[in-house]
Amino acid sequence: MARAQGFGRKYIKAFFKGFFVAVPVTVTFLDRVACVARVEGASMQPSLNPGGKQTSDVVLLNHWSIRNYDVQRGDIVSLV
């Protein structure tokens, strides 16, 4: 029984170590490099959500290009 408790503690400890490393790395990536967003509504038709669909499109917001001022004609820019 004592061995089983030590076995469980080992995995819980490993989980929390991984958790406390993965969360800051993920948050930094989503804030600095790229994130995924949904586009809903008619504001971007016909480029996104064509044909008046009730579904939403999923887009990748590239923060890296904006940070390097690499915006070109025809790019879609999202402001929050």
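Tutor: Rings of Phe, Tyr and Trp (its six-membered ring) pair if their centres lie within 6.5 Å, with planes under 30 degrees apart counted as stacked, over 60 as edge-to-face and the rest as tilted. A search of the whole structure finds four aromatic pairs. The model is predicted, so local features need pLDDT of at least 70 and side-chain atom pairs pLDDT 80 or more, while totals for chains, interfaces and linings use all residues. Residues are numbered from 1 along each chain as its sequence is written, and side-chain values use heavy atoms, without hydrogens and water.

Student: Why is the aromatic pair of Phe15 and Phe19 called stacked?

Tutor: The ring centres of Phe15 and Phe19 are 6.0 Å apart and the planes differ by 25°. A pair requires centres within 6.5 Å and stacking requires planes under 30 degrees apart, so the term stacked applies. Both residues lie in helix α1 (residues 2-32), four residues apart, about one turn of the helix. Helices are DSSP runs of H or I with at least four residues, strands are E runs of at least two, and both are numbered from the N terminus.

Student: What makes Phe16 and Phe20 a stacked pair?

Tutor: Their values are 6.2 Å centre to centre and 25° between the planes, which meet the limits for a stacked pair. Phe16 and Phe20 are separated by about one helical turn because they are four residues apart in helix α1. Ring pairs link Phe15, Phe16, Phe19 and Phe20 into a cluster.

Student: How do you know whether Phe16, Phe19 and Phe20 are buried or exposed?

Tutor: Buried means under 20% relative accessible area, exposed over 50%, and partly exposed in between (1.4 Å probe, protein chains only). Phe16, at 40%, is therefore partly exposed, as is Phe19 at 39%. Phe20 has 57% and is therefore exposed.

Student: Why is Asp57 called buried?

Tutor: Asp57 has a relative accessible area of 17%, so the residue counts as buried. Asp57 belongs to strand β2. Beyond neighbours within four places in sequence, the contacts of Asp57 (heavy atoms within 4.5 Å) include Ala37, Arg38 and Val39. Of the 80 residues of the chain, 8% count as buried.

Student: How is the chain arranged along the sequence?

Tutor: The chain has two helices and two strands, in the order α-β-β-α.
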